[in-house]
Amino acid sequence: MSTVTLQPVDENLLPRLLDLAAADTEPHEVMPSLPGAPRWTDARRAAFREHHRPADGAAYAVLVDGQLVGAARIIPAEAPGAVQANIWLGRSARGKGYSTEAFRLLIDEARTHGAHAIIAETHISNAAAVAALRTLGAMIWEDPDTGSVHATLRVGQD
């Protein structure tokens with residue numbers, strides 16, 4: 001069985017994370033969309049670096065048996081005591097259960113940061129993410145008009 005771990009992203013790890021993202025994902029899978037052609041441009045690379053250096057919250061590399069496979073982050077959400085969580089994995093690491101295990105670890109990190117709830121969003125087409133959120137016990141709301149999936153997971157006491 002593989003071991004999934006989270007490692008805080010620092011300035012030494014960030015270039016490796018960007019290399020992984022550029023080689024094994026599309027930009028819209030790993031950060032908010034930017035205008036223009038959907039490819040890895042210099043502007044998208046700069047935006048990626050900033051996105052993975054959250055001013056509030058924390059960013060982590062997702063490692064499987066010590067190998068870099070993706071990233072996770074938590075940032076404060078609008079709701080008091082809640083954090084917004086995001087996880088992405090490179091294509092070559094998807095479908096193996098790593099994101100579910102990474103999310104379990106992210107729940108522990110959220111608790112460490114004093115969160116009582118995690119909010120996550122994805123698209124209905126991301127069946128693996130929706131399944132992982134259900135497995136972890138999240139309450140799921142699907143918006144049929146936009147295809148958005150909103151999830152809330154209680155992780156502590158109020």
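## A loop residue to start with

Asp65 is partly exposed, with a relative accessible area of 49%. You will find Asp65 in the loop between S2 and S3. The backbone here deserves a look: Asp65 has a positive phi of about 50 degrees although it is not a glycine. For context, most residues other than glycine have a negative phi.

## The model and its confidence

Please keep in mind that this is a predicted model. The mean pLDDT of the protein chain is 92, and 99% of its residues reach 70 or more. Among the elements of the protein chain, the lowest mean pLDDT belongs to H2, at 90, and the highest to S1, at 97.

## The sheet

Let's turn to the strands. Seven of them make an open sheet with mixed pairing, in the order S1-S2-S3-S4-S5-S7-S6. Strand S1 (4-8) and strand S6 (139-143) are the edge strands, each pairing on one side only. From one strand to the next, the twist averages 25 degrees.

At the S6 edge, S6 and strand S7 (residues 148-154) run antiparallel and are joined by five bridges. Glu142 stands opposite Val149 in S7. S6 and S7 form a hairpin with four residues between them, and Gly147 in the turn has a positive phi of about 80 degrees.

## Helix H1

Which residues of H1 are buried? They are Leu14, Leu17, Leu18, Leu20, Ala21 and Asp24. These residues cover an arc of only 160 degrees around the axis, so they sit on the same side of H1. What do the buried residues of H1 pack against? Their partners are helix H2 (27-30), helix H3 (42-51), S3 and S4. Helix H1 (residues 14-24) packs on the sheet, where it touches strand S3 (67-76) and strand S4 (82-89), and the direction of H1 makes about 105 degrees with that of S3.

Asp24 merits a closer look within helix H1. With a relative accessibility of 13%, Asp24 counts as buried, because the cut-off is under 20%. Apart from neighbours within four places in sequence, Asp24 is in contact with Gly90, Arg91, Ser92 and Arg94.

## Helix H4

Helix H4 (residues 98-112) lies across S1, strand S2 (58-64), S3, S4, strand S5 (117-123) and S7. Relative to S4, helix H4 runs at about 150 degrees. The buried residues of H4 are Tyr98, Thr100, Ala102, Phe103, Leu106, Ile107 and Ala110.

How far apart are the end C-alpha atoms of H4? They are 21 Å apart, which agrees with the 21 Å that its 15 residues should span at 1.5 Å a residue. After H4 comes Gly114, whose phi is positive, near 85 degrees.

## Two strand residues compared

Gln84 lies in strand S4. Is Gln84 buried or exposed? Gln84 counts as buried, because its relative accessibility is 17% and the cut-off is under 20%. Leaving aside neighbours within four places in sequence, Gln84 is in contact with Arg73, Ile74, Ile75, Pro76 and Ala77, and also with Ile119, Ala120 and Glu121. Another pairing to look at is Gln84 with Ile118: they are 34 residues apart in sequence, and their C-alpha atoms are 5.8 Å apart in space.

Thr5, for its part, is in strand S1, one of the edge strands. At 34% relative accessibility, Thr5 counts as partly exposed. Beyond neighbours within four places in sequence, Thr5 is in contact with Ala61, Val62, Leu63 and Leu105. Thr5 and Glu26 are 21 residues apart along the chain, and 23 Å separates their C-alpha atoms.

Notes
Residues are numbered from 1 along each chain as its sequence is written. This is a predicted model: local features need pLDDT of at least 70, side-chain atom pairs count only at pLDDT 80 or more; totals for chains, interfaces and linings use all residues. Side-chain values use heavy atoms; hydrogens and water are left out. Two strands pair if DSSP finds at least two bridges between them. Helices (H or I, at least four residues) and strands (E, at least two) are DSSP runs, numbered from the N terminus. Axes are lines fitted to C-alpha atoms, for helices over the stretch in contact, and angles run from 0 to 180 degrees between N-to-C directions. Contact means heavy atoms within 4.5 Å. Buried means under 20% relative accessible area, exposed over 50%, partly exposed in between (1.4 Å probe, protein chains only). The arc is that of the directions from the helix axis to the C-beta atoms. pLDDT is the predictor's confidence in each residue, from 0 to 100. The expected span of a helix is 1.5 Å times one less than its number of residues.
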